[in-house]
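Welcome, and please take a moment with the sequence and the model below. A short tour of a helix pair and a group of strands comes after it.

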Amino acid sequence: APQEHEMAKWILMTLYLCLAILAVRYASCCLKVSRADELLDWLIPSLKVKESLEDKNYPPYLDGQWQVDGQLKKILCDVDESMADLGSSVTTEVSLTSDYALLNTKQQEEPGSTSESSQEVHEFQAVVLTVQPAPARCPRSAPRTPQRFAFGLARYVASLHVVLGHLNARGALTHSVYMDTWGYTWVPWFFMLSGFILCAAELKNPRQEGSVEYVARRLVTIYPVYAFGLVVAALLTSQGPPPWVLVLQAWLLQAWVPVITEWGLQMQCWFLSCLVLYWAIFPFFFRMIQKMSLHQVLLGMVLAVCIPVLYLLIPDLFYGKPNWYEHHSWGLMRDGTDALVVMLKFHPICYVHVFLLGMLLAQFRVLMAELLADVEDLWVVGISMDLLAPVGYLGLLLVFNWPMVSPPFAKLSARIFALLPLQACVVLGLAGLDSFPAPRLASLFSSFNFLESYSYCVYVMQFICMTLWFGEDFDLSFFMFLVATATFVQLLVQTPSDKLWKLSPTQASWIVPTVMSLLLVLISTWRWRGGQDHVLPDLIQGDGFLDIHLPLRMSAEDWSTTGGGAFINPSATLVDESRLILAARLHRRSYRKSTFENGTLLEEIWFSQIFLGSLSFDSEDWQALNASGAIPGGQINMRPWDGLRMVDSKPWTYPNMCYRERWLPENKTMLRFVVTGPEDPKVFPLTTAGSCSNSRADCWSLREPTDWCGKSPSHCETQCNSRWCSHQEVQLAFNSYSPKEGKSCDRRDVSQMFLASGVNVRHPEHVIQGRHLRCGQLDHNEKNWIPFQREGKTYVVYSLIPHVVRELADTGSCGQQWRSIFPKLEEMQSRLLEMAIRGSAQAVYVNAPNATPHLPRPHYLALFHAADLKVRRYAHYAYRFSPKPPFQILQVSKVLPLEMLPAMPGAPAFAFASGLVVHDQQVILTYAAGDREPRALLMSLSRLDDFFK
């Protein structure tokens with residue numbers, strides 16, 4: 001039962017998380033008790049596992065910075081204990097070997113001193129130690145570590161917020177809130193944090209390293225887990241980027257090439273490309289910042305926040321509109337605007353100022369401490385520092401939860417500059433001033449510093465865990481799974497790799513990426529099917545079928561008018577056996593924020609418009625299509641269906657349509673979901689021969705063939721004042737939010753089915769009305785009906801379980817209804833309770849006994865899908881039903897082999913079947929891959945029949 005599965009999931013995740021916590025607590029002890037450390041040292045002597053597990057009991061005055069062995073530590077601790085109760089410094093002599101002595105004294109040779117005397121001094125030396133009284137006895141069980149900034153908890157929470165943002169973007173959260181949409185803003189904060197920590201460490205202990213050495217040493221903190229994530233992601237996916245992209249990713253160059261940034265493996269790791277650049281320039285900028293005065297540092301901080309405004313201002317002036325970046329849809333690279341948006345979001349150059357701001361904060365911290373060193377009333381300084389981080393967090397929480405205070409054009413501005421002052425307050429407030437007491441919030445957070453090493457693993461492993469997740473909902477149990485998995489990755493991947501890398505950082509920094517390049521290319525050759533994760537090949541040859549890209553195109557004028565987008569859910573039908581009619585939906589998403597008197601309006605807008613096109617085929621064209629997937633002319637020109645009208649003659653566009661909205665009183669925000677036009681067309685024939693309509697407006701009701709008005713087109717139009725409906729015209733069913741038509745949208749903010757009859761594809765501007773099909777529930781979403789023609793009348797399959805078929809009346813209401821049951825389909829539904837079984841494309845009549853040996857009699861062929869809408873997974877099937885009432889289902893096929901793509905990185909790959917054509921015992925099944933690419937599956941009717949075994 002679902003309840004039992006849910007309970008089992010929670011129990012399993014709780015045990016998994018507890019196991020991870022125990023592993024963190026007892027991993028070292030278990031390694032020592034089992035003597036596995038000795039085995040590892042024998043296998044890799046240079047790893048020195050056993051030595052690394054020794055307790056490091058540094059006395060307080062060593063501050064955990066000298067590397068000494070157990071003998072010296074014991075002597076110094078003994079000295080420390082004996083002196084602990086004295087009130088003044090004590091001088092004592094301890095006999096040590098000269099190796100230890102050289103740690104405390106600096107041998108200075110007088111001019112003329114001989115090497116022999118130097119050697120004698122080197123052999124043995126008495127060391128004089130000045131020991132200050134210690135406030136506590138030398139620790140025995142836990143090593144004393146140097147003072148660390150209290151960033152561990154802050155980093156971990158920020159990483160989890162990023163994960164929430166990605167889950168929200170893919171629509172995976174069952175209960176999402178406005179704050180979830182701001183997860184992306186923490187990635188620039190990581191840049192600031194990196195600049196601050198590195199500069200603060202360098203100011204304390206300058207190393208004077210070159211760029212190459214510095215980058216090689218720092219790579220150990222990011223590359224092992226990143227490489228592990230790349231390999232796992234490559235093994236989990238069946239399609240991915242081409243080999244040259246994988247090589248760029250192995251060398252951390254993906255953010256430099258906008259074409260691939262959004263579609264590489266583990267795309268969320270784009271920020272690592274930026275860090276490599278920042279580490280390379282760090283030594284140069286550190287030498288500059290180290291010499292800056294306080295006034296220069298303050299000026300630099302102001303410039304770091306203000307200059308990036310030009311990143312948006314200059315394009316605004318060029319494009320002439322402030323929301324120019326909304327033209328970009330994720331993963332599409334159509335023109336220079338798309339490339340510019342991707343660069344502003346991900347390119348390393350666009351975040352250099354954030355890293356430098358972090359470095360300037362570190363210098364500011366030191367200079368302010370020096371300036372305030374002689375101030376007597378330090379309580380003012382203490383209170384100010386105590387309030388700094390809370391004020392920063394409070395400001396961020398206001399932005400994340402109160403839309404009225406969010407920055408304009410936040411999708412870009414919040415990344416680049418708008419939130420930097422608040423994020424800087426958080427960094428400085430958690431670090432405190434140099435040599436001053438730690439702020440209170442930092443003292444509280446310091447207990448969670450151990451989380452710092454795990455936060456990066458949470459960030460890297462998020463998409464992998466989303467792919468592996470087996471639960472129905474991405475709730476708290478998923479985060480338990482993610483946290484536990486990240487913990488094991490830190491223990492089993494990062495910790496051992498850290499020791500190996502440090503054996504030779506410079507060599508490791510080029511050997512490991514080289515090996516990763518070869519490994520990823522081998523995996524792509526062995527595991528993948530030749531396609532890319534963001535673009536499928538134009539032609540894919542399968543076992544008895546072809547899968548081709550449908551080259552749907554629009555004119556530059558239409559592109560400019562509509563704003564562009566992706567053609568999805570194509571539908572097709574045949575007219576005259578030689579003319580292929582196509583309809584497809586142009587789709588893209590955008591977001592908009594505005595304010596009104598009582599609050600804020602947040603709109604999620606789905607741009608949707610139906611486009612129409614046609615192709616003429618001769619016999620050679622059909623042969624070429626079936627043999628090689630060749631399209632006559634190489635492309636299919638599509639035009640917008642501008643002639644569609646509502647009953648009140650208004651255009652079928654927003655704001656003439658209803659929309660869905662929800663009021664959030666806690667932050668005075670109205671959430672509105674808008675679809676701007678009709679969706680998901682299904683095109684099918686109107687009539688096999690020309691007929692005269694009973695109406696002047698459309699072809700809903702056709703006269704009988706023997707009717708006096710149907711003698712000829714001219715006779716129908718002039719003598720009977722009616723419309724002649726040509727056999728080249730089609731019917732087009734679609735779903736849409738209800739037209740307003742002067743009525744309230746209360747309980748009408750749902751999608752409904754509509755039908756337009758007599759659509760002239762060659763003249764899509766001709767006015768035609770869409771009529772509401774009132775066969776279903778008017779206050780619930782209605783879609784995915786299967787239309788078909790039978791003996792001059794139009795029918796729809798309303799549902800699959802039970803199989804309900806309804807005849808459409810002239811008024812749009814439903815006439816007679818037939819209901820039947822197919823036991824095997826019901827059995828399938830009982831096994832897949834979480835799946836919704838729904839219709840897909842239109843049904844077509846088939847009568848080819850020789851090509852359908854598993855059903856050698858006339859029947860209708862149609863498609864349906866089983867959908868898990870929580871994670872957007874679809875499985876598509878063909879089915880056959882009787883051509884006579886009650887239209888009983890006769891057969892159901894196996895799953896059809898449609899190519900799939902994710903709508904965005906980390907989201908499940910899917911496809912959606914939307915059209916079906918049968919011509920001369922050949923089948924054309926049209927569909928969309930990932931809401932991004934129109935495609936067609938081509939096979940013979942006999943090959944499709946094999947799926948019904």
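This report looks at a helix pair and then at some paired strands.

## About the model

Please keep in mind as you read that this is a predicted model.

## The helix pair H13 and H17

Let's begin with helix H13, residues 271-290, and helix H17, residues 352-371. Their axes lie 11 Å apart, and the two helices pack at an angle of about 40°. The pair is therefore oblique, since that angle falls outside the ranges for roughly parallel, perpendicular or antiparallel. The crossing of H13 past H17 is right-handed.

Which residues of H13 and H17 meet? From H13 come Leu277, Tyr278, Ile281, Phe282, Phe285, Phe286, Ile289 and Gln290. On the H17 side they meet Val352, Phe355, Leu356, Met359, Leu360 and Gln363. Sorted by class, this contact of H13 with H17 holds 12 nonpolar and 2 polar residues, with no charged ones.

## Strand S31 and its partners

Next comes strand S31, which spans residues 909-919. Of its 11 residues, 9 are buried, so S31 is largely enclosed by the rest of the structure.

S31 pairs with strand S30 (residues 901-902) through 2 bridges, and the two run antiparallel. Here Pro902 has Ala909 in S31 as its bridge partner. S31 is also joined to strand S32 (residues 922-929), again antiparallel, by 8 bridges. One of the bridge partnerships links Val917 with Ile924 in S32.

## The turn

S31 and S32 make a hairpin, with 2 residues between the strands. If you check backbone torsions, look at Asp920 in this turn: its phi is positive, at about 50°.

Methods. Residues are numbered from 1 along each chain as its sequence is written. This is a predicted model: local features need pLDDT of at least 70, side-chain atom pairs count only at pLDDT 80 or more; totals for chains, interfaces and linings use all residues. Side-chain values use heavy atoms; hydrogens and water are left out. Axes are lines fitted to C-alpha atoms, for helices over the stretch in contact, and angles run from 0 to 180 degrees between N-to-C directions. Helices (H or I, at least four residues) and strands (E, at least two) are DSSP runs, numbered from the N terminus. Angles under 35 degrees count as roughly parallel, over 145 as roughly antiparallel, 65 to 115 as roughly perpendicular and the rest as oblique. A crossing is left-handed if the near helix is turned anticlockwise from the far one by less than a right angle, and right-handed if clockwise. Contact means heavy atoms within 4.5 Å. Ala, Val, Leu, Ile, Met, Phe, Trp, Tyr, Cys and Pro count as nonpolar, Asp, Glu, Lys and Arg as charged, and the others, Gly among them, as polar. Buried means under 20% relative accessible area, exposed over 50%, partly exposed in between (1.4 Å probe, protein chains only). Two strands pair if DSSP finds at least two bridges between them.
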